[in-house]
Amino acid sequence: MDLSELRGKYIEAVAGAADEAALEEVRIAALGKKGEISARMATLGKMDPEERKAAGAMLNLLKDEIDAALRARKAALADAALDERLKSEWLDVTLPGRPRRAGSIHPVSQVMDELTAIFADMGFSVAEGPQIESDWYNFDALNIPPEHPARQEHDTFFMHRAAGDNRPPHVLRTHTSPVQIRAMTEQGAPIRVIAPGRVYRMDMDQTHTPMFHQVEGLAIDRDISMANLKWCLEEFCRAFFEVDKVELRFRASHFPFTEPSAEVDIRYSNVGGQLKIGEGDKWMEILGSGMVHPKVLQAAGVNPDEWQGFAFGMGIDRIAMLKYGIPDLRAFFEADLRWLRHYGFAALDLPNLPSGLSR
Ligand code: DAH
């Protein structure tokens with residue numbers, strides 16, 4: 001085979017290679033160590049110098065030519081592959097985007113934000129505690145000893161202990177009151193905190209769910225009295241319900257952690273399912289309250305001879321139902337999207353006092 005035949009054979013083979021693998025085979029057959037061109041190169045040594053010079057130059061030219069053809073073909077194949085990919089991965093960037101469903105804020109979150117804004121304005125900061133609580137914080141420190149009937153009345157969920165571990169089990173906190181102890185222990189007195197959060201009791205009907213929300217309030221200083229409590233709660237209700245007139249009723253009551261104690265009801269009317277605050281002949285209980293018991297201060301390391309103050313625990317779901325006219329508590333926790341869209345709040349409308357809490 002002379003060189004021009006050899007040239008024709010490989011140029012044709014390069015042009016016919018359908019993919020990179022086929023192209024590599026052609027390269028090896030021609031230019032590889034044992035390839036045909038390389039074999040020809042090996043014969044140069046046996047030639048006489050004149051002949052070798054001429055044949056060597058020709059062979060080198062051919063080698064360069066095949067090499068160039070291989071590279072060009074390789075680039076062409078890569079281009080074709082890219083074109084193919086671009087065709088299959090085609091995307092019309094001018095199409096309009098899919099409208100995103102806007103999320104909304106759950107009424108409980110909205111109300112927590114609202115009440116936090118109001119109490120922050122009165123100088124309260126937010127304190128937190130765990131939802132799985134020791135029975136000491138949930139009961140003992142709050143002056144509820146083991147045999148106290150309140151322990152049974154709370155319908156407590158108990159956590160498990162490992163077999164053989166005889167310490168009292170932890171509980172799902174039955175109220176936010178243990179945060180009083182934690183906050184006072186950490187910060188001492190004077191102190192002004194609220195503690196909104198989840199609480200748990202074994203109870204379920206139209207007005208009770210096993211998990212619900214409370215906000216605890218605590219104000220301790222040298223001369224805080226029930227009068228301050230009354231002002232604080234009335235001021236809160238006016239701001240929260242966004243009405244000038246609210247009427248609260250303080251009923252004498254009993255809690256182990258306060259002395260004296262009062263339950264507080266708010267006046268409202270219900271005309272055809274429309275709830276209105278501040279008028280009418282109905283009362284809804286919204287919170288328990290009182291002057292913090294000296295034993296509770298003591299349990300938190302605060303000297304009761306020096307400090308005193310009030311505390312309250314308010315049902316967040318209750319006041320959310322009242323303010324936004326939501327009739328059934330259970331719907332709060334059913335995660336029904338239609339309900340959420342109906343009662344939900346715009347995500348970017350953060351409640352604040354200057355511009356109005358709920359627009
Ligand atoms: N912890 C009580 C409950 O869950 C509510 C309560 C009553 C909280 C009186 C208080 C208080 O801080 O002073 O029913």
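A polar contact here is a pair of N or O atoms within 3.5 Å. With that cut-off in hand, the ligand site of this predicted model is a good place to start. A polar side-chain atom of E216 sits 2.5 Å from an oxygen atom of the ligand, so this pair falls within the 3.5 Å limit. Q214 does something similar, with a polar side-chain atom 3.0 Å from a ligand oxygen. On the nitrogen side, H175 comes in, placing a polar side-chain atom 2.9 Å from a nitrogen atom of the ligand. The ligand would expose 350 Å² if taken alone, and the protein buries 92% of that.

Zooming out a little, the shell around the ligand holds 15 residues, and the ones that come nearest are H175, S177, R201, Q214 and E216. Sorted by class, this shell has nine polar residues, four nonpolar ones and two charged ones. Three strands each put at least two residues into the shell: β6 (211-221), β10 (282-292) and β11 (308-315). As for the space that the ligand takes up, that is the largest pocket.

Next comes helix α11, which spans residues 316-324 and includes K323. This helix is mostly covered, with seven of its nine residues buried. The buried set runs through I316, D317, I319, A320, M321, L322 and K323. A lysine on that list invites a closer look. K323 counts as buried because its relative accessibility is 16%, and the cut-off for buried is under 20%. Its side chain also has a partner: the side chains of K323 and Y324 make a polar contact at 3.5 Å. Just past the end of α11, G325 adopts a positive phi of about 60°.

Finally, there is a proline in a loop to consider. P130 lies between β2 (125-126) and β3 (132-133), in the loop that links the two strands. Its relative accessible area is 31%, so P130 is classed as partly exposed, a label that covers the range between 20% and 50%. P130 also pairs up in space with a residue from elsewhere in the sequence: R173 is 43 residues away along the chain, yet the two C-alpha atoms are 8.0 Å apart.

Definitions and conventions:
Residues are numbered from 1 along each chain as its sequence is written. This is a predicted model: local features need pLDDT of at least 70, side-chain atom pairs count only at pLDDT 80 or more; totals for chains, interfaces and linings use all residues. Side-chain values use heavy atoms; hydrogens and water are left out. A residue is near a molecule or strand if one of its heavy atoms lies within 4 Å of it. A polar contact is a pair of N or O atoms within 3.5 Å; within protein, one must be able to donate a hydrogen and the other to accept it, and residues adjacent in sequence count only if both atoms are side-chain atoms. Accessible areas come from the Shrake-Rupley method with a 1.4 Å probe; for residues, only the protein chains shown count as cover. On a 1 Å grid over the protein atoms alone, a cavity is a set of points where a 1.4 Å probe fits but cannot get out, and a pocket is an open set with protein on both sides within 12 Å along at least five of seven lines; lining residues have an atom within 4 Å of a point. A molecule sits in a cavity or pocket if more than half of its atoms lie within 2 Å of its grid points. Helices (H or I, at least four residues) and strands (E, at least two) are DSSP runs, numbered from the N terminus. Ala, Val, Leu, Ile, Met, Phe, Trp, Tyr, Cys and Pro count as nonpolar, Asp, Glu, Lys and Arg as charged, and the others, Gly among them, as polar. Buried means under 20% relative accessible area, exposed over 50%, partly exposed in between (1.4 Å probe, protein chains only).
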